[in-house]
Each structure stands twice: as structure tokens, then as C-alpha cells.
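Here's a quick walk through a two-chain model, written to be read with the structure open. Have a look at the chains first, then we'll go from where they meet down to single residues.

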Amino acid sequence: MDFTHDDNQRMLFDTVDRFLSDKHDLATRAKLHKDPGAEAALWREMAELGLIGAAFTEDVGGFASSSADAMIIMERFGRHLVTQPLLYTAIICGRLLTDGLSGAARAEAIGAVIAGERQLALAAGSTHLLRSPEDTSFTARKDGAGWVLDGRMPVVMNGDRADQFIVAARTAGSSGERDGVSLFMVDAGAAGMSRRRFRTIDAFGAAELVVEYVAVGQENLLGPVDGGVPLIDVALDHGVVAICNEAIGSMDYLIPATAEYTRTRIQYGAPLAKFQVLQHRMADMYIQTEMARSIALVAAMSLDGDAAERQRMASAAKAQVARAGKFVGYQATQLHGGMGVSEELDIGHHYIRLNVIGQLFGDTSFHLRRFGALAETAAAA
Amino acid sequence: MDLLIDDKVTALRAELRAFFAENLPAEYARKTLAGEKLTKDEHIHWHSLLRPKGWHVPLWPKEHGGPGWGPMERLIWEEESGLAGAPRLNHVSQDLLGPVLIEFGTPEQKAELLPRILSSEDWWCQGFSEPQAGSDLANLQMRAVRDGDDYVVTGTKLWTSYAHLCNKIFCLVRTSAEGPKQAGISFLLIDMEQPGVTVSPIYTLGGMHAVNEVQVEDVRVPVTNLVGREGGAWDITKFLLGNERLMGAWIGINMALARQVRARLEQVGPDGRKRSANAVLAQRVAEAETDLLALRYTTYRVLADELSGKAPGPEVSVIKVRGGEIMQSLSELLMEMAEAEGMVHPLTLPHEGPPIVPLEVEHMAQQFFDRRKLTIYGGSAEIQRNIIARRLLNV
């Protein structure tokens with residue numbers, strides 16, 4: 001087993017870190033959230049740097065040797081609190097393009113994403129935080145050779161910037177059934193598509209998507225008819241592992257930042273760091289982070305292998321990371337006192353993102369249940 | 001053993017419930033329960049509805065315009081007003097400064113200032129914390145130098161709640177650098193509507209603006225604005241915090257949150273099943289409910305001691321720690337059960353058209369992250385544990 005980065009991965013890590021250190025401090029980040037033009041410009045720069053291409057493997061036109069490469073970028077994104085939608089456009093929707101399309105259509109779609117010219121959003125999973133794709137908000141009614149889509153989803157991540165939506169609509173069966181969900185690629189500007197933009201509490205972009213009598217044909221279909229759920233399952237596993245690694249980058253930052261703060265903050269005539277109860281708290285933050293890091297790394301290395309192993313490791317990582325992230329975020333804010341909850345410092349923003357990561361793509365109880373079910377299946381085999 | 005549920009208590013509960021049902025505007029209750037802010041005018045309007053009964057100043061004796069309640073009645077008020085979703089904002093004036101003036105103020109101070117609190121003319125904020133004096137309050141640096149009949153005051157107060165809505169501030173100021181730190185601190189009333197006083201907002205998690213920085217530069221304050229004697233602020237502060245002692249349980253608000261949590265658990269989720277079908281979630285909710293019951297009866301026990309004449313002691317720290325933690329877990333459950341809809345940032349939602357998410361969930365994430373402060377301010381969870389260890393366990 002080798003847990004160290006190879007030369008290319010180390011270079012990727014350094015490139016991303018340098019880029020973000022130069023271009024993405026907390027003040028710049030706040031400005032980005034008020035300036036769509038600046039956000040789009042930063043995305044194009046990331047594309048030029050090859051960061052979006054690093055989320056695709058070489059066989060589909062990307063620059064990555066394996067799916068683990070993108071996890072290195074996500075880790076650095078976590079460190080720098082990046083809200084750019086690499087996760088949604090490239091890792092999750094990119095996986096759907098890779099698995100659901102083929103030939104020229106796939107090359108065109110992935111090419112546009114890698115070039116930074118096309119943003120994507122996945123409209124699936126009802127009002128869940130992107131899990132359980134068997135629950136849908138959209139229906140697809142057969143109409144001649146095509147379908148007519150209808151429905152409304154209140155929170156579509158990256159829906160604010162998407163040029164194209166991947167809409168999970170029910171073509172057969174009823175809500176909650178794994179069969180009968182089909183994926184359609186629909187241009188944001190298509191007749192009958194409308195959205196209202198906002199942000200989630202962690203400052204990521206989102207939109208309400210309303211789909212009214214939108215006509216689609218075979219050419220819009222992504223993957224097999226009625227067979228969308230297994231595709232989304234894979235894509236969300238990639239998403240899960242991506243945010244696990246993002247969380248590691250965030251925790252890696254919070255621990256030394258908290259230690260430094262306690263060394264300099266004097267109360268009762270001594271630095272806070274002198275209080276043993278706080279030393280132990282920080283040691284616990286470190287212990288939890290190391291446990292989470294191990295499983296997040298293994299989950300990243302399991303993405304391209306056996307399906308059952310990928311699922312097992314993704315769920316194990318999510319459960320561990322969610323717990324560690326909540327603890328580390330909570331304690332980092334606690335030890336920073338009032339400064340920890342001020343928007344002026346990045347500490348509180350990390351705390352928010354770590355909590356959202358805990359909920360995103362299935363919370364701890366969801367993933368522990370899934371891990372348990374997979375273990376049961378394996379034992380029965 | 002006696003659970004303190006006598007006819008008097010039952011009658012008061014019924015009276016309060018009837019009053020809220022008849023007088024509390026539904027929109028105020030909805031906003032309060034959903035974590036939305038009311039305007040200052042709405043708060044003043046609500047205070048005006050309570051004024052005939054004196055219930056907006058639940059700690060004040062009858063002679064000064066309050067209801068003349070004892071500790072038991074006040075706790076019932078806490079529970080019932082929280083459950084009803086009654087807004088609460090000017091409590092620094094009503095519950096903190098008012099009783100201080102009644103106990104320590106000069107006849108002139110009482111005559112001038114108490115009626116202005118009753119009428120909502122004055123909104124006071126509390127100037128305690130400073131950049132270098134958080135948990136270690138005795139380290140405060142704001143200077144008040146005697147010059148003739150005035151003090152000249154200079155310094156910075158931090159984390160001052162609602163200073164941007166207030167016209168007056170009471171400050172702990174350093175009047176002497178000699179002797180023990182605590183002995184050089186005085187309690188001074190300062191008019192904020194004058195040159196030299198600058199209020200700057202501090203934005204906290206979720207874009208909230210509740211706290212501020214208040215800078216005071218060479219402001220002349222008449223010596224008659226001193227409360228108690230010069231250097232006597234420490235005892236006044238202890239008295240003031242003592243009046244807040246059971247509030248740390250947030251008992252009424254926690255009960256209202258628990259009611260919302262239970263209601264959402266019994267609703268059908270996006271998967272078409274009742275949320276209570278999720279055994280893990282159902283167990284977490286039940287755990288939070290039993291935590292709250294334990295907190296409530298711990299509060300009652302402290303109260304029973306108080307009614308039997310025993311002064312409340314450091315066991316209040318137990319209530320403060322748990323009150324904050326329980327509110328954090330209840331808020332977290334509410335946010336989590338709302339799933340994607342519970343994650344929206346309320347300040348970024350478009351105003352035109354129908355609401356994107358149900359109104360009652362718009363502020364859930366903001367509320368959860370804002371409540372992060374509960375175990376930090378007013379003596380952090382660590383300070384409370386120090387108090388328990390030192391004063392109760394003698395270690």
C-alpha cells in the first residue's frame with residue numbers, strides 16, 4: 001500500500017495550492033459571491049490550469065491517471081474554502097457524462113466541461129440533500145418519439161450557474177422505485193425551464209428549478225431509459241469521496257490555526273494553550289482527523305475498482321468524516337471564542353461547510369445503514 | 001418531594017395562555033418561532049401590549065410597574081412566553097439593568113430611568129466584553145478618568161448585543177488601576193447619542209447582525225451616572241448575572257423548539273414515509289426530549305432551593321452548559337429534518353414570487369449556526385466547568 005502522492009499528484013497539489021493562495025483569500029471569496037462575472041472568470045482560469053481536466057481520466061479526454069487525482073484538488077479546495085463547482089460540474093455530472101454517454105456525444109460534452117465552457121447541475125433526489133435518486137421531483141410523459149418533462153425542485157446545487165441540467169425524471173413506476181428513473185440533459189435556456197437563484201448557508205450557489213412542459217427527445221437522454229438510478233449512485237459515490245477529502249483539507253487547516261490562536265490569546269494571565277483541557281481538546285481534534293484521513297484516502301483509491309468496495313469505502317469514509325468534521329469544526333470555533341463565530345475569520349466558514357458536508361449526499365445514519373446493508377450482502381454471498 | 005404544581009401555578013399558566021391567544025399578533029409569533037427578526041417598532045408594539053400587566057418587566061416589583069412576581073411565576077412566564085413564540089428583545093433593559101437600578105440606583109436615577117425603560121423610550125445595551133477581556137472580564141481596559149463633575153471615558157466594547165438598536169449603554173469601566181483588578185471597576189451609564197460614541201457592526205455566522213463593536217472616545221459622562229459607588233461594579237455585576245441565572249436554560253424557547261422537532265418528526269418526508277419511521281432519527285429526537293425534561297426539572301430543583309431560602313450557587317453552571325447544548329441539538333435536528341430546504345441562506349433568497357422553501361424552514365440553518373455562540377458567550381462552557389470543578393468539587 002502506498003499512501004503518498006506520486007510526482008504528478010504532488011505537482012497537482014502544489015499547483016492548486018499556489019493558485020488558491022494567490023487568488024482566493026477570504027475577502028476575495030466574499031467578493032466572488034456577489035459577482036457572477038468574477039466567479040466565471042475564476043472558473044475559466046481553473047480550466048486553463050487544467051484543474052477541471054484533472055477530474056476526468058485520460059481515456060475520456062481528461063488529464064487524470066485515476067479518479068483519485070480530483071480528490072487531491074478537493075482537499076486543497078477544502079483548505080481554501082473554495083465554492084467553485086468542480087464537485088457538481090466535473091466530479092458528479094462529469095461522471096454521469098463518462099458513464100452515460102459514448103462516442104462523439106461524450107467527447108463533445110466532456111470537452112466543453114474541461115474547457116470551462118459548460119457548467120452542469122444534477123436535479124435529482126427530490127428535497128433530499130442529493131441522495132436517494134429513486135425519489136424524484138420530475139415526471140417524463142411519453143409524447144411521440146420523445147417525452148414531456150414537468151416538475152419543480154426547490155434546491156438544485158450549482159443550478160444558479162448551470163448551462164445544462166441533468167434532470168432525473170420518472171418515466172415508469174412510482175416514486176421510491178429504483179427502476180423507472182431516466183436522465184435527460186436539458187439546456188437551461190430551453191423553453192419551459194426557469195430558475196430562481198440563491199445560495200446555501202455554506203455560500204455555494206443553487207437555484208430553484210421549475211420545469212414546465214419541456215419537450216425532450218432521444219438526443220437528450222443520458223444513459224438507458226428507466227436506468228438512471230444506478231448511474232447516479234456511482235456519481236454520488238464520487239461526490240461523497242470528493243467532499244470527504246474536501247473536509248480533510250478543511251480540518252488540516254483548522255487544527256494548526258486553532259493551536260496558533262490558543263498560543264497567542266492571553267486570558268487569566270496565560271496563553272489559552274497552557275490550559276491542559278484545551279491541549280487535550282486539540283489532541284482529540286488531531287486524532288479524529290487522522291482517522292478520517294486514512295479512510296478518505298482509501299475511499300479515493302477505491303473509486304475506480306470493484307463496485308461493492310467503492311460503495312463500502314465511500315460510506316465508511318462519509319460516516320467517519322462527518323463525525324470528525326463536526327467535532328473539529330465545533331471545537332475550532334469554541335476555542336476561538338467570539339472570533340470563531342465572526343464572519344471576519346475563516347474559522348466559522350469552515351465550521352459551516354464541515355457541517356453541511358456532514359449532511360450532503362446522505363448523513364451519517366444513511367451511510368451507516370448502507371454500510372451495514374453492504375456488509376450483510378457480502379456475508380450472505 | 002413536591003413538583004411545585006399548585007393551583008396558583010396552574011391558574012397563571014392558564015391566564016398567560018389566554019392572554020397570548022388573544023393578544024400576541026400571529027405574525028410576531030410566527031416570525032419568532034421561525035427565527036426571523038422583528039423590527040424594533042414591532043418589539044415596542046408588543047411591549048405596549050404587555051405594559052398594562054407589567055409583564056414586559058417580569059422581574060420588577062409592583063411599585064415600579066412590574067408584576068411583583070416571585071421566582072416561580074417568572075419561570076412559568078419564561079416557559080409560556082417561549083412556547084407561545086412571544087418576541088423578546090429589550091431584555092437587557094428590562095431584566096438586567098432595571099433590577100440593578102431598583103437595587104443600587106439613586107432615587108434620581110430610578111425616577112428618571114425606570115419609566116423610560118417601561119415605556120420603551122430607552123433601549124440599553126450591555127458594555128461588558130472587550131477585545132482583551134472575554135472570559136477574563138476583570139482584565140477590562142475601558143478607562144474612566146475623573147475630571148471635575150465628569151468622567152472622561154475612552155475604550156472599546158466588543159460583542160455588544162443590539163447596540164445598533166440602542167440609545168444607551170451601561171459599561172464596566174476602569175476607574176482605578178490600583179489594588180486587585182476587580183476593585184478598580186465601576187458601573188457607568190452612558191448616553192450613546194453623542195459625539196465620541198461609534199457603533200460598528202460585527203457580522204456573525206449566517207450573515208447575522210446582532211453584535212457590535214462600540215468605541216467610546218473622550219466622552220464626558222456626569223458623575224451622577226455612576227451606579228453604586230466608584231469601584232463597586234463587581235458586586236453589581238454579580239447581582240446582575242444572578243438575575244440571569246435561570247435564563248441560561250432557555251427553557252421556554254427550548255420547549256418551543258422541541259415541539260417543532262416532534263411535529264416535523266411526525267410529518268411525511270420526501271421519501272413518502274413518516275420521518276419517525278427512521279429509527280435512528282426517532283431515537284435522536286427522543287434523546288433530545290429527555291435531555292430537555294432533565295434540564296427542566298434541574299431548573300425546577302434550583303428554583304425549589306431558592307424558594308426554600310437557599311441562595312442559588314454554582315449549580316447554575318450546570319443549567320447554563322446544558323441549556324446551550326440542548327438548544328444546539330434541537331436546532332440541528334430541525335435543520336437536518338428539513339434536508340435540502342433547511343440549507344438555504346435566508347439573506348440570499350429572492351423576494352419576488354412564492355417562497356422557494358416553506359417560510360418555517362427559511363431560517364433553520366442560519367439559526368443553527370447562530371446558536372453556535374450559546375456555549376461561547378456569557379461565560380464559555382469551559383468557564384462553567386471550571387466553576388463546577390472549583391466551587392462544587394473543590395478541585
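## Where the chains meet

Let's start at the interface: 38 residues of chain B are in contact with 33 residues of chain A, a contact being a pair of C-beta atoms, placed from the backbone, that lie within 7 Å. On the chain B side, β6 (197-204), α9 (279-307) and α11 (364-370) each supply at least two of the residues that touch chain A. Helices (H or I, at least four residues) and strands (E, at least two) are DSSP runs here, numbered from the N terminus. Sorted by class, that side of chain B has 18 nonpolar, 12 polar and eight charged residues. For the classes, Ala, Val, Leu, Ile, Met, Phe, Trp, Tyr, Cys and Pro count as nonpolar, Asp, Glu, Lys and Arg as charged, and the others, Gly among them, as polar.

## How far to trust it

Keep in mind that this is a predicted model, in which local features need pLDDT of at least 70 and side-chain atom pairs count only at pLDDT 80 or more, while totals for chains, interfaces and linings use all residues. Residues are numbered from 1 along each chain as its sequence is written, and chains are lettered from A and ligands numbered from 1 in the order in which they are written.

The predictor gives the complex an ipTM of 0.95 and a pTM of 0.96. For chain B, the mean pLDDT (the predictor's confidence in each residue, from 0 to 100) is 94, with 98% of the residues at 70 or more.

## Chain A overall

Chain A has 11 helices and 10 strands. Its C-alpha atoms fill a box of roughly 80 × 55 × 40 Å along the principal axes. The radius of gyration is 21 Å, which agrees with the value near 21 Å for a compact globule of 381 residues; it is taken over C-alpha atoms, and the globule rule is 2.2 Å times the number of residues to the power 0.38.

Of the 381 residues in chain A, 54% are buried. Buried means 20 or more other C-beta atoms within 10 Å of the residue's own, exposed means 12 or fewer, and partly exposed is in between, with C-beta atoms placed from the backbone. Take contacts in chain A between residues at least 6 apart in sequence, and 72% of them join residues at least 24 apart.

## Domains and a residue in chain A

The domain assignment splits chain A into domain 1 (7-114), domain 2 (120-226) and domain 3 (230-380); such bounds come from an automatic or database domain assignment. Domains 2 and 3 of chain A have their C-alpha centres 30 Å apart. Across that pair, 11 residues of domain 2 are in contact with 11 residues of domain 3, and the domain 2 side has seven nonpolar, two polar and two charged residues.

For a single residue, try Arg10(A), which sits in helix α1 (residues 7-23) of chain A. Arg10(A) is exposed, because just 12 other C-beta atoms lie within 10 Å. From Arg10(A) to Leu297(A) is 287 residues in sequence and 15 Å in space, C-alpha to C-alpha.

## Chain B overall

Chain B has 12 helices and eight strands. Its radius of gyration is 22 Å, close to the 21 Å from the globule rule for 395 residues, so chain B is as compact as a globular protein of that length. The C-alpha box is roughly 75 × 55 × 50 Å along the principal axes, and 43% of the 395 residues are buried.

## Strands in chain B

Two strands pair if DSSP finds at least two bridges between them. In chain B, strand β2 (residues 143-147) and strand β3 (residues 150-161) run antiparallel, joined by five bridges. Asp147(B) has Asp150(B) as its bridge partner in β3(B). The two strands form a hairpin with two residues in between, and Gly148(B) in the turn has a positive phi of about 65°. β3(B) also runs antiparallel to strand β7 (residues 208-222), with nine bridges, and there Val152(B) stands opposite Arg220(B).

Now find strand β5 (residues 185-191) of chain B, where six of the seven residues are buried. β5(B) is joined to strand β4 (residues 168-174) by seven antiparallel bridges, with Cys171(B) opposite Leu188(B). β5(B) also pairs with strand β8 (residues 226-227) in the antiparallel sense, over two bridges; in that pairing, Phe187(B) is partnered by Val227(B).

Note on methods:
Contact = placed C-beta atoms within 7 Å.
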